[in-house]
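Trainee: I would like a close look at one salt bridge here, and then at how it sits within the rest of the protein. Please take me through it step by step.

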Amino acid sequence: MSKYQRYNPGRPFCSAAPTQAWARMDRRSFLAGSAAMASTLWAMRAARAAPLTFGSGSIESISDGTLTLPIGFVLPGQSPEEISDLFQPHGLATDALRPDCNVTLLRLPDRTVLFDAGSGANFQPTAGKLLEGLEAAGLTPADITDVVFTHGHPDHLWGVLDDFGDPLFTSARHWVPQGEWDYWRAEDTLANTPEERKSFVAGAQTRLDAIADQVEMVTAGMEVLPGVEAVSTLGHTPGHMSYMLHAGSESLLVTGDAISNSVISFERPDWHSGTDQDPVLGAKTRMALLDRIASERTRILGYHLPHPGLGMAERKGTAYRFVPA
């Protein structure tokens, strides 16, 4: 039995609850504010971080750029005073979060694996930089043998197609969590989604349809590829999956969006996030995950942690702190 399955046999971390609608978010607010600043920061950032030796292979963090998320969307239940008290010691702006997007690249002797595919060109103007990072790593899309998805949100899935709407990674198997495949493709998902997020559903359906012939399903606990274990981390989306990478005595958890901010997720993991489709379940999953990775000193690579996203969780009083690698 996987050590991560011991959280709750058969249902790692916590059981699924009905999907809840995200808090209302105006699209113009979502895209407004800091595009120019973020573009400048992207120009200053390396497209990829130095590789980390991992067993007989290596792990790299490839930047897909950044996003802008209004604070009212991310933390709809917290007062300005609570947010300021948490953010001020870290020097964080309280108008919006501007998270990095870190795509994990795992090089094995016989496989070249991406975890998620970035945003592509049609989500936010400061994202969709994955191809630049792959080029810096000496790779083309044709070199990728496997794309392993954590979930179907735009910044993780939409980059799977090229500018002509065709699959970008033509030689790759695409590993999709069964719960994500079922949710995004269900006949009633579009109708049950708030108007401002219907584009998320339509975009996911278009992309999953386009890669259907290349898709393999992922279920919790399975070994997706040698040394790559699927870990159920539900809440952010109905089928969200993280991945524990094993190489001898080494391990590293690719968290996806189960842990999504280096301050909020660690210091106030109990706060409900507007980015989680089920905020209650998302918080339960986050707290259980942090407890385990802090206890076991497990390294993590977080999609939205500060680039390159590598680090660990340490206990800080009754909560935690992120320690960059």
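Mentor: Start with R315 and D291. These two form a salt bridge, and their closest N and O atoms are 3.0 Å apart. The pair links distant parts of the chain: R315 is in strand β15 (residues 310-316), D291 is in helix α10 (residues 279-296), and 24 residues separate them. Keep in mind that this is a predicted model.

Now check the surroundings of each partner. R315 has 45% relative accessibility, so it counts as partly exposed. D291 is partly exposed too, because its relative accessible area is 34%. The class runs from 20% to 50%. The general idea behind such a pair is simple. Side chains of opposite charge can pair when their charged atoms come close.

Next, set this bridge among the others. The structure holds 14 salt bridges. One of them joins R173 and D146, at 3.3 Å from N to O. R173 lies in strand β8 and D146 in strand β7 (residues 146-148), so this pair ties together parts that are 27 residues apart in sequence. What is the accessibility of each partner, R173 and D146? R173 is at 32%, so it counts as partly exposed. D146 is at 0%, so it counts as buried. The cut-off for buried is under 20%. D146 and R173 also belong to a network. Salt bridges that share partners join them with R111.

Another bridge is between D95 and R98. Their closest N and O atoms are 3.0 Å apart. D95 counts as partly exposed because its relative accessibility is 47%. R98 is partly exposed as well, with a relative accessible area of 27%.

Go back to helix α10 by way of S265. That residue lies in helix α9 (residues 264-267). S265 touches I259, S260, R286 and L290, leaving aside residues up to four places away in sequence. R286 and L290 fall within the span of α10, residues 279-296. S265 is buried, because its relative accessible area is 4%. Its side chain also has a polar partner: a polar atom there lies 3.0 Å from the backbone nitrogen of N261.

Strand β8 leads on to another helix. Helix α7 (residues 178-185) has four buried residues: E180, W181, Y183 and W184. Which elements do the buried residues of α7 pack against? They pack against β8 (173-177), α8 (198-210) and β9 (215-218). R173, from the salt bridge with D146, is in that strand β8. One general point helps when you view a helix. An α-helix has 3.6 residues a turn, so residues three or four places apart point the same way.

Now turn to the strands. Six of the seven residues of β12 (residues 241-247) are buried, so the rest of the structure largely encloses this strand. Strand β12 has a partner in β11 (residues 228-232): five bridges join the two, and they run antiparallel. In that pairing, V231 has S242 of β12 as its bridge partner. Strand β12 is also joined to β13 (residues 250-256), again by five bridges and antiparallel. There, A247 stands opposite E250 in β13. Two residues sit between the strands in the hairpin of β12 and β13, and G248 takes a positive phi near 60°.

Look at one more strand residue, G65. This glycine lies in strand β2 (residues 57-66). G65 counts as buried because its relative accessibility is 0%. The C-alpha atoms of G65 and L130 are separated by 7.7 Å, although the two residues are 65 apart along the chain.

Finish with the whole chain. The protein has 10 helices and 16 strands. Of its 325 residues, 55% are buried. Take the contacts between residues at least 6 apart in sequence: 71% of them join residues at least 24 apart. The R315 and D291 pair, 24 residues apart, also spans that separation. The protein exposes about 13400 Å², and carbon and sulfur atoms supply 51% of that area.

Key. Residues are numbered from 1 along each chain as its sequence is written. This is a predicted model: local features need pLDDT of at least 70, side-chain atom pairs count only at pLDDT 80 or more; totals for chains, interfaces and linings use all residues. Side-chain values use heavy atoms; hydrogens and water are left out. Buried means under 20% relative accessible area, exposed over 50%, partly exposed in between (1.4 Å probe, protein chains only). Contact means heavy atoms within 4.5 Å. A salt bridge is a side-chain nitrogen of Lys or Arg within 4 Å of a carboxyl oxygen of Asp or Glu. A polar contact is a pair of N or O atoms within 3.5 Å; within protein, one must be able to donate a hydrogen and the other to accept it, and residues adjacent in sequence count only if both atoms are side-chain atoms. Two strands pair if DSSP finds at least two bridges between them. Accessible areas come from the Shrake-Rupley method with a 1.4 Å probe; for residues, only the protein chains shown count as cover.
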